[in-house]
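Hello,

Here is the structure I promised to pass on to you. Have a look at it first, and then read on for my notes.

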Protein chains: 2
Amino acid sequence: MTKPVKIGLVQMSMMADPAENAARAERAIEQAVAQGARVVCLPELFLTRYFCQVESAEVFDLAEPIPGPTTERFCRAAQRVGAALIVPIFERRASGVYHNSAVVIDRQGRIAGHYRKMHIPDDPAYYEKYYFAPGDLGFLAVSVEGLRVGVLICWDQWFPEAARLTAAAGADILFYPTAIGWHPDERHEHGDEQRDAWITVQRGHAVANGVFVAAVNRVGFEAPPQGPQRGLQFWGSSFAAGPLGAVIAEAPTDAEAVVVVEIDPGRIEAVRRGWPFWRDRRIDAYGPITNRWGDGPAGR
Amino acid sequence: MTKPVKIGLVQMSMMADPAENAARAERAIEQAVAQGARVVCLPELFLTRYFCQVESAEVFDLAEPIPGPTTERFCRAAQRVGAALIVPIFERRASGVYHNSAVVIDRQGRIAGHYRKMHIPDDPAYYEKYYFAPGDLGFLAVSVEGLRVGVLICWDQWFPEAARLTAAAGADILFYPTAIGWHPDERHEHGDEQRDAWITVQRGHAVANGVFVAAVNRVGFEAPPQGPQRGLQFWGSSFAAGPLGAVIAEAPTDAEAVVVVEIDPGRIEAVRRGWPFWRDRRIDAYGPITNRWGDGPAGR
């Protein structure tokens, strides 16, 4: 049966040089594994500063195929440390076809799963629709180290459907590699409410689905490379929550951190026996979920 | 355009006598309206003690049609106080066909909407599947007093699909008449976590959909009428939250309360412009939501 597994959340600040970020990520992975982590997750687009603050065609030079140099490097790292990794990649699939992706690498150094971000944001300083085609691989859950691991990326975390479908694929835990922060001029008035909403909606997914969740964010201020933007203050706050939504580990808002926390997938069975939501879903009535808005005559 | 509206949440303890509960509910409605409430919501099955602690065929005597004596009484009350009401009813639809329902009554005293609880629980001391057929009217949003009001009932609150479909029907606010409490022998160890999960999942619905939510619970200990059960300690905690999930009003865990709070449906537009989740839903990929479990080959 299931047994407890330690997971590692790597909250990083990104430097200008991708090679330096890769090396720092490897060191953080080693730290997490030294503390017992069997599955270690890196933040979204960890190789680079958050380039989506502006739209620039040159940025596509940063993309790489899967498999490619970065997956090969981290496949070797996974084998060396003997742990599974969740590694986000700016994926070049073809000329003009790019994705915001992540791979799950097992301890043997094999790519066990490949996820392409399904929900792509586009807001001031988060111009992701310019860079990334929406994912077309659907929702992912793969087994590594005795855990069934679901991977979603950042903006996906606001969509209950993504959590539901990943949990329905058998995930014990939803990992959310993330790059989210404050606009400096909004932080004072709205910052706490925004961060709290972000934590709350993910804790809500844990409760509704009876699964663990783990969000892994970057941290620190990143000035935009050009243009009128004022930069982004990434809010860290990487955290894990249990299947009743309780936060079981949390990183600071303002510093790098390697968080290692034990989770017990056996807890899921107990929680779902106590509150058997999956039994009572009204699958006969959920068809209009695939409408953009409205429900036939009830829509306004 | 929209303007702020005060809503009233009536947190009650139920007596043995339905007539007494009806009279007490009317007085609470009058209090809420005196404080400016334009839409007042009563708790689930407010006419009676929570009879679902046991299965007993005699209990069906308590059910009544819609329209029926209780809706007629509260239609007159709505007209008298000049406010809209959300009134839960143990509905007798036909011999052998009963529902856990609620009606929305407008200030003119007309039934403006009728909802039948879609998700029916069945857990120790919450034997609702014995009493209630699952709802077949779908999800509801109706306009009263300048608010588009969605109504869901208790167990519905754990299902993101119910919140999503009610919001997609145009609801500005999701009202959840409720009857939830602690098993006395679980309260010490799990009580805080259970109550927190209940609040969190509903705040999560507010965030994910950019809507207000309002939960209206009963409060106080109810011994079971018979059998080996140990009774239920209903945890009150009725609350309202805004479209970023922040709690804007909250009742105590251990006392009756009439909570009146102003909500501004215009806030929804601002919140959804800031975080435009509705734009990015992957309606092409949500079809498997209508599966019980699994997603084809990814299911385990």
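**Around the axis**

Within chain A, the residue that comes closest to the rotation axis is G204(A), whose C-alpha lies at 2.5 Å from that axis. Please keep in mind as you read that this is a predicted model.

Where does that axis come from? In general, two copies of a chain are related by a rotation about an axis and a shift along it. Here, a turn of 180° with a shift of 0.0 Å along the axis lays chain A on chain B, and the RMSD is 0.0 Å. The two copies are therefore related as by a two-fold rotation axis. The interface fits this picture: 100% of the interface residues of chain A are interface residues in chain B too, so the copies meet through the same surface.

**Where the α4 helices meet**

Helix α4 is a good place to look at next. In each chain it covers residues 160-168, and α4(A) packs against α4(B) at an angle of about 150°, with the axes 10 Å apart. An angle over 145 degrees counts as roughly antiparallel, so that is how α4(A) runs relative to α4(B). Their crossing is left-handed.

Which residues make this contact? From α4(A) they are P160(A), E161(A) and R164(A), and they meet P160(B), E161(B) and R164(B) of α4(B). Sorted by type, the residues of this contact are four charged and two nonpolar, with no polar ones.

**A small sheet in chain A**

Chain A also has an open sheet of three strands, in the order β9-β12-β11, with antiparallel pairing. Strands β9 (181-182) and β11 (219-222) each have a single partner strand and stand at the edges, so one side of each has no neighbour in the sheet. Four bridges link β11(A) to β12 (residues 232-235) of chain A in the antiparallel sense. If you would like one pair to find on screen, E222(A) has L232(A) in β12(A) as its bridge partner.

**Some backbone details**

Most residues other than glycine have a negative phi, and most peptide bonds are trans. Against that background, a few places are worth a click. The peptide bond from I66(A) to P67(A) is cis, with omega near -5°, and P67(A) sits in the loop between β2 (39-41) and α2 (69-81) of chain A. In chain B, I66(B) and P67(B) are likewise joined by a cis peptide bond, with omega about -5°. C154(A) has a positive phi, near 40°, though it is not a glycine. You will find C154(A) in the loop between β7 (147-151) and α4 of chain A.

Enjoy exploring, and best wishes!

Definitions and conventions:
Residues are numbered from 1 along each chain as its sequence is written. Chains are lettered from A and ligands numbered from 1 in the order in which they are written. This is a predicted model: local features need pLDDT of at least 70, side-chain atom pairs count only at pLDDT 80 or more; totals for chains, interfaces and linings use all residues. Side-chain values use heavy atoms; hydrogens and water are left out. Two strands pair if DSSP finds at least two bridges between them. Helices (H or I, at least four residues) and strands (E, at least two) are DSSP runs, numbered from the N terminus. Copies are superposed by least squares on the C-alpha atoms of residues with pLDDT of at least 70 in both. Contact means heavy atoms within 4.5 Å. Axes are lines fitted to C-alpha atoms, for helices over the stretch in contact, and angles run from 0 to 180 degrees between N-to-C directions. Angles under 35 degrees count as roughly parallel, over 145 as roughly antiparallel, 65 to 115 as roughly perpendicular and the rest as oblique. A crossing is left-handed if the near helix is turned anticlockwise from the far one by less than a right angle, and right-handed if clockwise. Ala, Val, Leu, Ile, Met, Phe, Trp, Tyr, Cys and Pro count as nonpolar, Asp, Glu, Lys and Arg as charged, and the others, Gly among them, as polar.
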